[in-house]
Amino acid sequence: MIYVTKNYRIPMFDEINSFYKQNNSTKEMEIDLFGDEKNYYIKTNLPGYSKDEISISFDENAIVIMAEHSKENKENSNVYIKERYSGIYKTKIALTQNCDRDNIEANLENGVLTIKIGKRAKAQKRKIAIN
């Protein structure tokens with residue numbers, strides 16, 4: 001099993017959280033998490049991002065995924081509408097003991113980042129003879 005670390009909502013801090021979200025350039029990345037008998041898979045849409053703008057790191061039993069567009073030069077242009085997000089997307093996914101930390105692969109194709117995490121083989125039950 002993999003656990004996804006998400007931001008928790010605390011009602012008494014709603015005003016602070018609202019201010020923080022409006023003034024912070026980091027957004028939480030939306031992911032799909034699923035698996036089969038041999039692997040877990042994490043997928044996220046990152047259209048327009050190159051491999052150089054995405055980083056995947058392993059940090060204390062968690063995978064950290066971060067994507068950041070290069071800053072566009074707007075010195076000599078007038079901006080009339082700016083709706084496209086240009087900050088940082090980030091998420092942290094905690095791994096459990098049955099994840100094979102040495103068997104992690106990532107692929108970026110057509111704007112979709114797919115991370116494959118191998119599962120460790122389950123320990124076989126065995127009967128122990130009593131002497």
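## Sheet

In this predicted model, four strands make up an open sheet in the order 3-4-9-8, paired in the antiparallel sense. The edge positions belong to strand 3 and strand 8; each has a single partner strand, so one side of each lacks a neighbour in the sheet. From one strand to the next, the twist averages 20°.

## Strands 3 and 4

Strand 3 covers residues 32–35 and strand 4 covers residues 39–45; their antiparallel pairing runs over four bridges. The two strands form a hairpin, with three residues between them. Within this pairing, Leu33 lies opposite Ile42 of strand 4.

## Strands 8 and 9

At the other edge of the sheet, strand 8 is paired with strand 9 in the antiparallel sense over seven bridges. Asn107 has Thr114 of strand 9 opposite it.

## Salt bridge

Searching the whole structure gives one salt bridge. It joins the side chains of Lys116 and Glu105, with an N to O distance of 3.7 Å. The pair links distant parts of the chain, 11 residues apart: Lys116 belongs to strand 9 (residues 112–119) and Glu105 to strand 8 (residues 99–109). Strands 8 and 9 are also paired in the sheet, over seven bridges.

Both residues of the salt bridge are partly exposed. Lys116 has a relative accessible area of 26%, and Glu105 has 44% relative accessibility. Each value falls between the 20% limit for buried and the 50% limit for exposed, which means that neither residue counts as buried or as exposed.

Definitions and conventions. Residues numbered from 1 in each chain as written. Predicted model: local features only at pLDDT ≥ 70, side-chain atom pairs only at ≥ 80, totals over all residues. Heavy atoms only, no water. Pairing = 2+ DSSP bridges. Salt bridge = Lys/Arg side-chain N within 4 Å of Asp/Glu carboxyl O. Buried < 20%, exposed > 50% of the residue type's maximum accessible area, 1.4 Å probe, protein only. Axes fitted to C-alpha atoms, helices over the stretch in contact; angles between N-to-C directions.
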